[in-house]
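Here are a few short exercises to work through with the structure open beside you. Try each task before reading its solution.

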Amino acid sequence: MKKILLHLCTAGAVLLASLVTASAADSKLVVAMLPKSKGNAYFISCKAGADKAAKELGIQLLFDGPTDSNAAKQNEIVENWITLGVDVIAVAAENKEGISTALRKARKSGIKVITFDADAMTDARSFFVNQATPEGIGHGLMDEAARLTNSEGEFAMIVASLTAANQREWQKHIEARLKEKYPKMKLVAVRPCDDLKDKAQSEATALLSANPKLKLIMAICSPGVPGAAEAVKQAGMTGKVKVMGLGLPNENKRYVHAGVTDSVILWNTGDLGYLAIYAGVAVAKDELKKGAKTFKAGSLGTFNIVGDNILLGKPFIFNKGNIDQFDF
Amino acid sequence: MLLLYVLLAEWLFFYVAGTTTNRRGVIVGFGTLDRQFDILRHSCEIGLLALALTPVIITAGIDLSIGSLLGLCAILFGKLWHDGGLPIPAAAGLTLVLGAVAGGLNATLITALRLPPLIVTLGTYSLFRGLAEAITHGSITYTDFPESFLFVGQERLLGLPTQAWIFFAVALAVGLLVHRTTFGRAFRTIGLAPEGARYAGLPVGRRLALVYVLAGLIAAIAAIIYTARLGQAKADAGTGYELFAITAVVLGGTSIFGGTGSIPGTLLGVAAIAVLKNGLACLPVVMAMNAAEEMSGLLTGALLLLALTASVLPKILSNFRASRHAPAT
Amino acid sequence: MKRYFRELSVLGALAAVLFGMAIFAPAFFSPQPLLSLLTREAPTLIVACGMACVIITRQIDISVGSMFSVCSVCAGLLAARGWPLLLVLPASILLGAGLGAINGLLIAGLRLPSIVVTLATMVTLRQGLNLVRQGEFVNLPDSLQWFGLSQRSGQLVLVGASLAFLVALALAMRHLAAGRFVYAVGTDAEAARLAGIRPQLVTFLVFVFIGALTGLAAMMNLAQSPQVQPLSGAGLELKVIAAVVVGGVAISGGRGNLWGAFAGLLLLACVSPALTHLHIEAYWEKAIQGAIILLAVVADGLRSRKAKR
């Protein structure tokens, strides 16, 4: 038994040693990209942009992340990359504080760290590729909601979960804007959908019957928008209750065309991934340093830098008129 | 014993296939000492939960609530320190007590009312997580712990990750309890035949209660280590950990029907899963597929099925032979 | 009357909740929203029926959520390729039955513990699906929604079909030999064997059955929305197990019935919409559900203690 095992091991070892030497031979720059969660359409479209950038720059792109919202897993993956000796780590932080411990460790071992989508602590990374500040997102969503309801009446929110950090952040700014600018509007309920479209649909159905005066449902997680729209459609409330939120054009096209969903707000996620990779590589090659005012990223052109934030530009409002021009 | 070979083979495989030199000519990947320490660091919390579960499963019970209890204890610890103004050691001590009390709730329902552990802990699985969310409204995250506390989760002591010493100490204590005391024998007897144990004069209720209270206590320890490692306490801490812990225990040869099981086996089970998970993330093939997370889940499930099948195969084969040679009736 | 005390007490709790809702939030009972809510729970009811059978045989299946996802995505992809409903529906059921058969073979054939086997298949199926689909939504053809009927008749068909199935299965469990076999195996497998029943075969078939029902439930869910998310069905296992247990089906096998499971499901399914209607903050939801489960089992415990005295 032992002998067989030994033979198997040696055979495997020889086979793999040859594989290893083969992979060690190509000495490309390695950029590792960490999304908040892997199976999320939002980050898949980020990856598409990142892949394009990686091809143009001739680097190796690693893309790995938790398959569920497990706070500790992001740290474990970063620590793994540290021992793998990657050159650049680009992170969308799920937990600001938590991930920063691992990122500081990475910087200490000579790895360049940037963040995209959601920032870590400022001392744990060199640049943040900023698609929109939480404040900008919160205000954008609230202003659009106010526009759709003429700044009055009840509305409800659907969030991913009660514990997700970014969701709480956005919600905070939405509520602040509400208090400050729209006294005639009232937030009547906040319900979690666990990032499940089916659950968002059930929650929205209950919201509709519980709040007959509801004017609008705002979903701030991407599965929530089509879920809420389907509920409104099935309740026969199309037009009476507006649906809007943060979501991807492709998942919402049919509802926008049917007039159920009025507008979906998002930045160009592909560009975000593309810009993150370009920025990461530039930092690694010392082409992008502290104090720079602009940054040129391949075919996308030049971006402004404010402080250590590389700005992607304003979030985009997709509606009936323009949504078909986008495919992500 | 088979598991030891599996673990060795696994480790050797990843050592050879998961180690490379990078552009700067530095050896990187699975074969580095840092990686080995990381594996140890990452397995401490799930390892502790698996240790907590081993005596439970030996008594033919189960505890689904420990992952949720980890989350609740992390929150309580953060609240006691941050809002209660207690110093870290006092907050930690009180959290351990509260963990034991929560374990005591399971114990009371299971022993005093003789309810099935699966259902009781399914209820407390929701309840503990729900309380953690209710206390923090889901949103409050406790951070900014002092450096001296973070040392427990992020630094090294005497060459090893600090929390590993705590893990080893708990492993030793539980190991001694299960293998070297009459308590351990009582656990096995209860697992094999609870009625028999009762007739033999064993205080079945009290022994069972001990097992669940101990599980709560260890979950609280795991919560404190988790908080120190991430530097934050939040209501979602430890989500899904119970499944990994059960997998590790069963992989380690503890029978889910109770009666048999060992702490060294559980440690091997924890190691086998941790090595698999970390090793896969170092394999060039898996990296190229961008599928480390999925592959490790997939292979852990497959490994569990294989281990289970291997454990019953000899019995089935002998049954089969016996039936073939049995005279026709 | 006494015999069904357990089921009646759940029904009583449900009635109390509904009564409270009638006073504090009468809008809960407006017909169309209520029908929609019931329709959302119809697939869960079908899976809960299967789970009740599994638990009555003293087994458990925690892989239903993952099976549900796999069936949803596969059926969705077939439908998107233009397969007609009449082929997609049986394909989904067959796929579910096949996955259930894998569980059944390992559990009944190799006599492995069901909780661990289904834990392993749960993880394997879920991660396998993640690996292949990477979370991408599947867009379904319009013809699939409400099985091509109008929305209202579609909802009535789904609710009606699931209720009819419940009634038929409940009667079958009580009056057909096959149903009695399930109870017999769960009560005492050895006694069942001596009575001429083949316990391993019954166990195997029960797992195939719940697999097939999960495939059916996946289709009933597909009909309610024009796109499907691979994560769909995550957490379903805990929902149905909790419902069945709250409804008085004993985890130790052989006791309980589908009516109880039905009442348990309705009670738990009420919690979330009731909180919404009463405008209570969502973060209490999990704690309340946990408390209901514990209350139900404590009631069980107290009663069986009394019975012993």
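This is a predicted model, so treat the exercises as practice in reading one.

**Exercise 1.** Work out which way the side chains of strand 3 (residues 88-91) of chain A point, and whether they are buried or exposed.

*Solution.* Start with A:Val88 and A:Ala90, which point one way from the strand. Next, look at A:Ile89 and A:Val91, which point the other way. In a regular strand, side chains alternate between the two faces of the sheet. Finally, check the surroundings: a residue counts as buried if 20 or more other C-beta atoms lie within 10 Å of its own, and all four residues are buried.

**Exercise 2.** Find the strands that pair with strand 3 of chain A, and give the sense of each pairing.

*Solution.* Take strand 1 (residues 30-34) of chain A: four bridges join it to strand 3, and the two run parallel. Here A:Val31 has A:Val88 as its bridge partner. Then turn to strand 4 (residues 112-116) of chain A, which also pairs with strand 3 in the parallel sense over four bridges. There A:Val91 is partnered by A:Thr115.

**Exercise 3.** Trace the chain from strand 3 to strand 4 of chain A and name the handedness of the unit.

*Solution.* Follow strand 3, then helix 4 (residues 96-108), then strand 4; together they make a right-handed β-α-β unit.

**Exercise 4.** Describe the side of chain B that touches chain A.

*Solution.* Begin with the counts: 42 residues of chain B are in contact with 36 residues of chain A. Helix 1 of chain B gives the largest share of its side, six residues. By type, the residues on that side of chain B are 17 nonpolar, 16 polar and nine charged.

Key
Residues numbered from 1 in each chain as written. Chains lettered and ligands numbered in written order. Predicted model: local features only at pLDDT ≥ 70, side-chain atom pairs only at ≥ 80, totals over all residues. Buried ≥ 20, exposed ≤ 12 C-beta atoms within 10 Å, placed from the backbone. Pairing = 2+ DSSP bridges. Right-handed = clockwise from strand over helix to strand, strands pointing away. Contact = placed C-beta atoms within 7 Å. Nonpolar A, V, L, I, M, F, W, Y, C, P; charged D, E, K, R; others polar.
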